[in-house]
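User: I'd like to learn how to read burial and ligand contacts from a model. Can you walk me through one?

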Amino acid sequence: MKCAILGAGAIGTLVAAQLSQIDEVELLLCSRREQALVLAAIGLRLETESMPTSIPASRWTVVEFGETLPSHWAAATDVVILCSKTNASEELSAVAARLLSSEGFTISLQNGISNENILAGYCGSNRTLGALTTHGATRLEPGVTRWAGRGEIVIGNCGGNLTAGSPLVAELLTHLEAAELNPRWSENIEVELWLKLLLNCAINPLAAICGCNNGELLESAELHEQSVATMLEAAKVGRMVGIDLPGDESLIEQLNMVLASTAENDCSMLQDLRRGVITEIDSINGEVIKLAEHAGIACPLNSQLVALVKGIENSLRH
Ligand code: KPL
């Protein structure tokens, strides 16, 4: 199976490293500058709670963003997995469309709820599935990633005609399972994408502002209270726009589970601020505020977090 991973940052390299152990999977990684150079010349070191794994550069082909795609991958790729920051979704969805074979399909493991629509716009809804991940990964330096929290990869139909039984989808699920990435097919990916959005609303801005790992949002009663209140405010918006979300108790249980399983992880927004790059706040809490404005409801907690994260982004730029 020819599998391209567009955006080989923390999550992208985690997925690539695990899939590199499956002989039937041939990998193409697309990344920016330094990361691309190191992945192509040296490979990747994946740190886990046990022994670190080294994946040699020979295990994959690497292209830099904007470079010409290798000719034997163009229109010949079975699966394209988008793992970039959401501000690169448009650019990389166009690359996905050039890579995919006619039977191939694409998923996004990015944060946010709009990536599937962007991908479908370029690749067609019959070649796009909904997906998300709750694995926690930290990019320590170019070519070095830490798998800081075991989660899952959830995939489901979001409007096209692909199912868990479609041959390439079934094959990807088998490979992800063998790669210990814990895949699961969902019959209701729209709700699952919203659940992930709620987790990101509750975790990312608070952990990024406080400079703490996810576990501290569980340990500190004050931070946990803020995290839960932010999530429940966003959940109200989800229910207003017709998403059939579970009750508040169940949402809090899921938040606590992800905080515990990714306790050692610095969330992606904190990693972005530390690297001085634009965060995904607009695709997370910002997306909720946009929907709330349309629905005519106030979202003071989420609005304040957006303002604070943008304030920090600006201060880092000067
Ligand atoms: O998605 C994540 C992120 O960091 O963006 C979680 C699941 C919160 C893990 O940190």
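User: Let's start with helix α1, residues 10-19: is it largely enclosed or not, and how many of its residues are buried?

Analyst: Keep in mind that this is a predicted model. For burial, a residue counts as buried when its relative accessible area is under 20%. In helix α1, 10 of the 10 residues pass that test, so the helix is largely enclosed by the rest of the structure. Among them are Ala10, Gly12, Thr13 and Gln18.

User: Now a loop residue. Where does Thr128 lie, and is it buried or exposed?

Analyst: Thr128 sits in the loop between α4 (115-123) and β8 (129-133). Its relative accessible area is 2%, so Thr128 is buried.

User: What does Thr128 touch, and which backbone oxygen does its side chain reach?

Analyst: The side chain of Thr128 comes to 2.9 Å from the backbone oxygen of Gly124. Leaving out residues up to four places away in sequence, Thr128 touches Thr106, Glu116, Leu119, Ala120, Cys123, Cys158 and Leu162.

User: On to the ligand. Which residues surround it, and which helix gives the largest share of the shell?

Analyst: The residues around the ligand include Asn111, Lys196, Asn265, Cys267 and Ser268. Helix α6 (residues 189-210) supplies the largest share of the shell, with 4 residues. The ligand's space is the largest pocket.

User: Which side chains have polar atoms 3.1 Å or 2.9 Å from a ligand oxygen?

Analyst: Asn200 has a side-chain N or O atom 3.1 Å from a ligand oxygen, and a polar side-chain atom of Asn204 is also at 3.1 Å from one. For Asn214 the distance is 2.9 Å. Alone, the ligand would expose 280 Å², and the protein buries 94% of that.

Key
Residues numbered from 1 in each chain as written. Predicted model: local features only at pLDDT ≥ 70, side-chain atom pairs only at ≥ 80, totals over all residues. Heavy atoms only, no water. Buried < 20%, exposed > 50% of the residue type's maximum accessible area, 1.4 Å probe, protein only. Helix = DSSP H or I, 4+ residues; strand = E, 2+ residues; numbered from the N terminus. Polar contact = N/O pair within 3.5 Å; in protein donor to acceptor, adjacent residues only side chain to side chain. Contact = heavy atoms within 4.5 Å. Near = heavy atom within 4 Å. Areas by Shrake-Rupley, 256 points an atom, 1.4 Å probe, with all protein chains shown as cover. 1 Å grid on protein atoms, 1.4 Å probe; cavity = no way out; pocket = protein on both sides within 12 Å on 5 of 7 lines; lining within 4 Å. Sits in = over half its atoms within 2 Å of the grid points.
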